[in-house]
Amino acid sequence: MVLAMGCLGNVAGTQCTIAATLKRSISRPWLFRSSFGLKPVQQVDIVSKRFSSSGSSFTVRSSSGTAVEDGSLQGSDSIPTPKVIIDQDADPDATVVEITFGDRLGALLDTMNALRNLGLNVLKANVYLDSSGKHTKFAITKASTGRKVEDPELLEAIRLTIINNLLEYHPESSSQLAMGSTFGVFQPTQQVDVDIVTHVHVYEDSPDRSLLVVEAADRPGLLVDLVKSVTDVNIAVESGEFDTEGLLAKAKFHVSYRGKAIRKPLQQVIENSLRYYLRRPTTEDSSF
């Protein structure tokens, strides 16, 4: 089912780009045979609008007394690496998202509002500062079910929505994000060698499941493509964590085959196929 995405909000040009990119990446009728695979997303609108925090379903607690002025951390002499972590393991009842970068309250409020427009509830949030920057951690659930988000298409929409808001409030971060080449004002100052940065390993986790660890160059739609590539060989993806860290994406998925941990021969098949998929050049469908 096609994932329809609207072009709303106060940065319509950028959001239309996100809509087109994500729609192109995940518009094929894939079947996810895993705990990630719920019903396909009917419609996702990436929006960015100001709203008052009064009456919202989250609370913000500052765990640090570090002063913040003029949009920068006092005493900081470098721009931190932008990070977005989507964690399915930390909370059994909610998807936990953590953002590291920036210190503007408006960015947090807009992000909360944009997530609500994706049909999500923000249950709670914790904001704290340390030497690596500002960390915002919050728990989200689907408004329709009250449960954690398990659809990979919606998880990818969450990731791109957060990155879009990050780039709107902190355009300087686009020079450090792979997404900056697609959505940002400034192009990334560095390029990564795909062959060098791509790492795929499968580890023993328990008798019933294994741990798939992937590190690769980031791009829009990568989360959905990874889950599809694994489930296409009848591997069930049970839960995991997906990190956006600068130019790289890092994923850890709990996987199994017919309810059991993956044996060595199949582990090698998964590692080789993912390495090939992640390293090979991609070709747009329209070029055929």
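The following is a conversation about how certain descriptions of this predicted model are reached.

Biologist: Before the details, what makes up the chain in terms of helices and strands, and how much of the chain counts as buried?

Modeller: In this predicted model the chain has seven helices and 13 strands, and 49% of its 288 residues count as buried. Among contacts with a separation of 6 or more, 69% join residues 24 or more positions apart.

Biologist: How do you know that the span of helix α3 agrees with its number of residues?

Modeller: Helix α3 covers residues 152-169, which is 18 residues, and at 1.5 Å a residue they should span 26 Å; the C-alpha atoms at its ends are 26 Å apart, so the two values agree. At the N-terminal end of α3, Asp 151 acts as a cap, with a side-chain oxygen 3.1 Å from the backbone nitrogen of Glu 153.

Biologist: Why is α3 called largely enclosed?

Modeller: Buried means under 20% relative accessible area, and 17 of the 18 residues of α3 are buried, so the helix is largely enclosed by the rest of the structure. Helix α6 is mostly covered, with eight of its ten residues buried, including Leu 222, Asp 225 and Thr 231.

Biologist: What makes α3 roughly antiparallel to α6?

Modeller: The axes of α3 and α6, the latter formed by residues 222-231, come within 8 Å and cross at roughly 155°. Because angles over 145 degrees count as roughly antiparallel, that makes α3 roughly antiparallel to α6. The contact is made by Pro 152, Glu 153, Leu 155, Glu 156 and Arg 159 of α3 together with Leu 222, Leu 223, Val 224 and Val 227 of α6, and the crossing is right-handed.

Biologist: Why is Phe 242 called buried, and which residues does Phe 242 touch?

Modeller: Phe 242 lies in strand β12, residues 236-245, and its relative accessibility is 3%, so with the cut-off at under 20% this residue counts as buried. Leaving out residues up to four places away in sequence, Phe 242 touches, among others, Arg 159, Leu 222, Leu 223 and Leu 226. Arg 159 of α3 and both Leu 222 and Leu 223 of α6 also take part in the contact between those helices. The C-alpha atoms of Phe 242 and Gln 88 are separated by 8.6 Å, although these residues are 154 residues apart along the chain.

Biologist: Why does Thr 100 count as buried, and what does its side chain contact?

Modeller: Thr 100, in strand β7, has a relative accessible area of 5%, which is under the 20% limit, and therefore it is buried. Its side chain makes a polar contact with the side chain of His 135 at 2.9 Å.

Biologist: Why is Asn 234 called partly exposed, whereas Arg 258 is called exposed?

Modeller: Exposed requires over 50%. Asn 234, in the loop between α6 and β12, has 48% relative accessibility and so counts as partly exposed, whereas Arg 258, in the loop between β13 and α7, has 73% and so counts as exposed. Each has a positive phi in a residue other than glycine, near 65° for Asn 234 and near 55° for Arg 258.

Biologist: What makes Gly 146 partly exposed, and where is Gly 146 found?

Modeller: Gly 146 is found in the loop between β9 and α3, and its 45% relative accessibility falls between the 20% and 50% cut-offs, so this residue counts as partly exposed. Beyond its neighbours within four places in sequence, Gly 146 is in contact with Asp 93 and Thr 141.

How values were computed: Residues are numbered from 1 along each chain as its sequence is written. This is a predicted model: local features need pLDDT of at least 70, side-chain atom pairs count only at pLDDT 80 or more; totals for chains, interfaces and linings use all residues. Side-chain values use heavy atoms; hydrogens and water are left out. Helices (H or I, at least four residues) and strands (E, at least two) are DSSP runs, numbered from the N terminus. The expected span of a helix is 1.5 Å times one less than its number of residues. Buried means under 20% relative accessible area, exposed over 50%, partly exposed in between (1.4 Å probe, protein chains only). A polar contact is a pair of N or O atoms within 3.5 Å; within protein, one must be able to donate a hydrogen and the other to accept it, and residues adjacent in sequence count only if both atoms are side-chain atoms. Axes are lines fitted to C-alpha atoms, for helices over the stretch in contact, and angles run from 0 to 180 degrees between N-to-C directions. Angles under 35 degrees count as roughly parallel, over 145 as roughly antiparallel, 65 to 115 as roughly perpendicular and the rest as oblique. A crossing is left-handed if the near helix is turned anticlockwise from the far one by less than a right angle, and right-handed if clockwise. Contact means heavy atoms within 4.5 Å.
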